[in-house]
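This report covers salt bridges, one helix pair and two backbone outliers in a single chain. The structure is shown first.

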Amino acid sequence: WLDRGRIHRARSELDNAIHAFEQALAINPAWALAARELASVHEAAGNLERAVEVLTRAAQLSPLDAITHGFLAEALWKLDRRDEALDRVRHAVFLDPGYGWAWNAISVWGQQMGQPDLGAEAVRELTRRRPGEVRSWLHLARILSGPDTLVERQAAVERALALEVRSIEAHDQRALLLYQQGNFDEAIAACQPSAWNGQPPAELRARAAWLRAQRGDLGLA
């Protein structure tokens with residue numbers, strides 16, 4: 001039924017697609033993927049309210065599915081139910097700190113609502129809720145900006161490395177922070193952490209090359 005619904009949607013046969021996805025959900029009401037597919041067809045048919053109803057039900061039946069909460073947040077945003085959308089998308093990133101779309105939505109929507117700090121507030125809350133997860137601290141280091149947050153960003157990177165000494169992204173973030181302070185030599189050294197015994201991964205070797213290029217050492221880079 002899911003495949004049949006997708007075929008009908010591809011043929012722009014929306015009523016048939018809705019019927020097929022509803023059949024899939026009748027067989028397995030908690031199948032979040034089928035619910036998202038059904039909601040997308042309702043949205044394509046111009047019925048966002050119905051899409052929200054489908055996604056709300058799906059989120060209730062699959063409460064730990066971050067993507068479904070993200071779909072619901074987007075539908076609510078399109079209906080101009082902005083506070084509800086933000087609450088829902090924040091919940092999505094708390095469920096899955098690696099949900100990139102949701103982080104971007106928080107930042108973009110916050111800007112549109114005149115609340116540019118929403119992303120930073122959400123990621124700080126994430127570090128309080130999930131302090132033992134590397135991704136929480138890396139998001140904090142990545143999402144903050146400006147010289148006034150430098151100390152907090154550095155502390156977040158060090159916290160991430162304390163949790164996972166072989167986190168490539170954390171070492172990369174450390175090198176970038178040093179570069180932004182004008183500490184080229186320290187930044188390049190940060191790309192050769194002792195955790196790899198003189199054989200850093202390709203990502204960090206590439207970062208070292210990029211840093212040398214920024215300093216003008218193009219041949220060496």
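In this predicted model, Arg-135 has a relative accessibility of 36% and therefore counts as partly exposed, since the class between buried and exposed runs from 20% to 50%. Its salt-bridge partner is Glu-133, with the closest N and O atoms 2.6 Å apart. Glu-133 has a relative accessible area of 16%, which is under the 20% limit, so Glu-133 is buried. The bridge thus pairs a partly exposed Arg-135 with a buried Glu-133.

Two further salt bridges link distant parts of the chain. Glu-158 and Arg-174 form one of them, with 2.7 Å between the closest N and O atoms. Glu-158 belongs to helix α10 (residues 150-163) and Arg-174 to helix α11, and the two residues are 16 residues apart. Glu-158 is partly exposed at 39% relative accessibility, and Arg-174 is partly exposed as well, with a relative accessible area of 27%.

Some salt bridges share partners: Asp-96, Arg-130, Glu-133 and Arg-135 are joined in this way into one network. The bridge between Arg-135 and Glu-133 described above has both of its residues in that network.

The other long-range pair is Glu-43 with Lys-78, whose side chains meet in a salt bridge at 2.4 Å, N to O. Here Glu-43 lies in helix α3 (residues 32-44) and Lys-78 in helix α5, 35 residues apart. Glu-43 counts as partly exposed, at 30% relative accessibility, and so does Lys-78, at 42%. In general, side chains of opposite charge can pair when their charged atoms come close. The count of salt bridges in the model comes to 21, among them the pairs listed here.

| Salt bridge | N to O distance |
|---|---|
| Glu-43 and Lys-78 | 2.4 Å |
| Arg-135 and Glu-133 | 2.6 Å |
| Glu-158 and Arg-174 | 2.7 Å |

Helix α11 also takes part in a helix-helix contact. Two packed helices are described by the angle between their axes and the distance between the axes. For helix α9 (residues 134-143) and helix α11 (residues 168-180), the angle is about 25° and the axes are 10 Å apart. Angles under 35 degrees count as roughly parallel, and α9 and α11 are therefore roughly parallel to each other. Their crossing is left-handed. On the α9 side the contact is made by Leu-138, Ala-141 and Arg-142, and on the α11 side by Glu-169, Ala-170 and Gln-173. By type, these contact residues of α9 with α11 comprise three nonpolar, one polar and two charged.

Which residues other than glycine have a positive phi? Ser-12 is one of them, with phi near 60°. Ser-12 sits in the loop between α1 (2-10) and α2 (14-27). Its relative accessibility is 61%, over the 50% limit, so Ser-12 counts as exposed. Asp-80 also has a positive phi, of about 70°, and is not a glycine. Asp-80 is found in the loop between α5 (66-78) and α6 (82-95). With a relative accessible area of 54%, Asp-80 is exposed. Helix α5, which ends at residue 78 before that loop, is the helix that holds Lys-78 of the bridge to Glu-43.

Technical notes: Residues numbered from 1 in each chain as written. Predicted model: local features only at pLDDT ≥ 70, side-chain atom pairs only at ≥ 80, totals over all residues. Heavy atoms only, no water. Axes fitted to C-alpha atoms, helices over the stretch in contact; angles between N-to-C directions. Helix = DSSP H or I, 4+ residues; strand = E, 2+ residues; numbered from the N terminus. Parallel < 35°, antiparallel > 145°, perpendicular 65-115°, else oblique. Left-handed = near helix turned anticlockwise from the far one by under 90°. Contact = heavy atoms within 4.5 Å. Nonpolar A, V, L, I, M, F, W, Y, C, P; charged D, E, K, R; others polar. Buried < 20%, exposed > 50% of the residue type's maximum accessible area, 1.4 Å probe, protein only. Salt bridge = Lys/Arg side-chain N within 4 Å of Asp/Glu carboxyl O.
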